[in-house]
Amino acid sequence: MNENERASAAGRRGIDGRPVADAGRGPITGPVLHGHCASVEPIDPARDADAIFRVGREGTDPDRIWDYMAFGPFAEVTAVEDWLARCAASRDPVFMVYRDRASGEPGGMGSFMELRPAVGVGEIGNIWFGRGWQRSRHATEALCLMMEHVLGTCRYRRLEWKCNALNAPSRTAALRLGFRYEGIFLNHMVVKGCSRDTAWFSLTEEEWPEVRACHERWLDPSNFEADGTQRISLAALTRALW
């Protein structure tokens, strides 16, 4: 099923016109979330600046990490310190750091953003990973933890994922995690002086239990060989839902 077919199928499952007695939800303020191998924690500029600078400069051609981000790359650690100070002071987006539970080392960052508690809608975004975390179990778990917090713990009605329409890896990640494609918003933003068309994805509270079950099955340690190889892919599990 392609993206347009997914969107059409989602529309047929729609529930427009359903009375909602209480759409409001509480604020999202930045919790500490723990998984099997990764954690999601609030930013601490004094603690995190040196490590975040290092992670953002590691591997081959590191500047490409920042191609679709509104910030970065950073040439000096002092620039990261200033940026993280602004991140820590922000209340929307609520910036978080992704951390390896065993080593304590960070692997990237993301945020809860575009938060509308009055109607129970939010987004996860500003997501980037260092080269060592890209396409890793740690990265997937960090995003699953954020999704569970919004839709499970905080019981929001809708969670969004948006990205540059040219960002094929992000679009693939959204579908793999169980989001459904909704379309392209043309001329949606200007980022780093360039016009951006935005690909739009969502996941609703009605869809979340089945997606969460896929996450739990994939993240279960029994799904991984001793060398870390997955036995069944998350994409295979979530693709079967739609």
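**Note on the cavity, ring pairs and cysteines of the model**

1. The residues Ile52, Phe53, Gly56, Arg57, Trp66, Pro73, Phe74 and Val80 line the largest cavity, and it should be said at the outset that the model in which this cavity is found is a predicted one. The volume of the largest cavity comes to about 50 Å³, and the structure holds 1 cavity of 30 Å³ or more. By residue class, the lining of the largest cavity is made up of 6 nonpolar residues, 1 polar residue and 1 charged residue. With Gly counted as polar and Arg as charged, the polar member and the charged member of the lining can be identified as Gly56 and Arg57.

2. Two of the lining residues, Trp66 and Phe74, also belong to an aromatic cluster, in which ring pairs link Trp66, Phe71, Phe74, Trp83 and Trp128. Across the structure, the count of aromatic pairs comes to 12. In the pair formed by Trp66 and Trp128, the ring centres are 4.6 Å apart and the planes meet at 45°, so this pair is classed as tilted. The pair joins distant parts of the chain, since Trp66 is in the loop between helix H2 (45-55) and helix H3 (77-89), while Trp128 is in strand S5 (residues 121-129), with their positions 62 residues apart. Both Trp66 and Trp128 are buried.

3. A further tilted pair is made by Trp161 and Phe179, whose ring centres are 5.6 Å apart and whose planes stand at 55°. This pair, too, links distant parts of the chain, with Trp161 in strand S6 (residues 158-164) and Phe179 in the loop between helix H5 (168-177) and strand S7 (180-191), 18 residues apart. Trp161 and Phe179 are both buried.

4. Which residues of H5 are buried? They are Ser170, Arg171, Ala174, Leu175 and Leu177. As for their spacing, an α-helix has 3.6 residues a turn, so residues three or four places apart point the same way. H5 is followed by Gly178, which has a positive phi, near 105°.

5. Two charged side chains are placed over tryptophan rings. Lys162 lies over the face of Trp200, at a distance of 4.4 Å from the ring centre, and Arg176 lies over the face of Trp218, in this case at 5.2 Å from the ring centre.

6. Why is Cys214 not bonded to Cys144? The sulfur of Cys214 is 10 Å from the closest cysteine sulfur, which is that of Cys144, and this is too far for a bond, because a disulfide requires cysteine sulfur atoms within 2.5 Å. The structure accordingly holds 0 disulfides, and Cys144 is in none, its nearest cysteine sulfur being that of Cys214. Both cysteines are nevertheless buried: Cys144 has a relative accessible area of 5%, and Cys214 has a relative accessibility of 9%, which in each case falls under the 20% limit for a buried residue.

7. Is Gly17 buried or exposed? Gly17 counts as exposed, because its relative accessibility is 75%, against a limit of over 50% for that class. Gly17 has its place in the loop between helix H1 (3-12) and strand S1 (33-34). The C-alpha atom of Gly17 is separated by 31 Å from that of Ala173, a residue 156 positions away along the chain.

Technical notes:
Residues are numbered from 1 along each chain as its sequence is written. This is a predicted model: local features need pLDDT of at least 70, side-chain atom pairs count only at pLDDT 80 or more; totals for chains, interfaces and linings use all residues. Side-chain values use heavy atoms; hydrogens and water are left out. Buried means under 20% relative accessible area, exposed over 50%, partly exposed in between (1.4 Å probe, protein chains only). Rings of Phe, Tyr and Trp (its six-membered ring) pair if their centres lie within 6.5 Å; planes under 30 degrees apart count as stacked, over 60 as edge-to-face and the rest as tilted. Helices (H or I, at least four residues) and strands (E, at least two) are DSSP runs, numbered from the N terminus. A charge sits over a ring if NZ of Lys or CZ of Arg is within 6 Å of the ring centre and within 35 degrees of the ring normal. On a 1 Å grid over the protein atoms alone, a cavity is a set of points where a 1.4 Å probe fits but cannot get out, and a pocket is an open set with protein on both sides within 12 Å along at least five of seven lines; lining residues have an atom within 4 Å of a point. Grid points are joined across faces, edges and corners, and a volume is the space filled by probe spheres set on the points.
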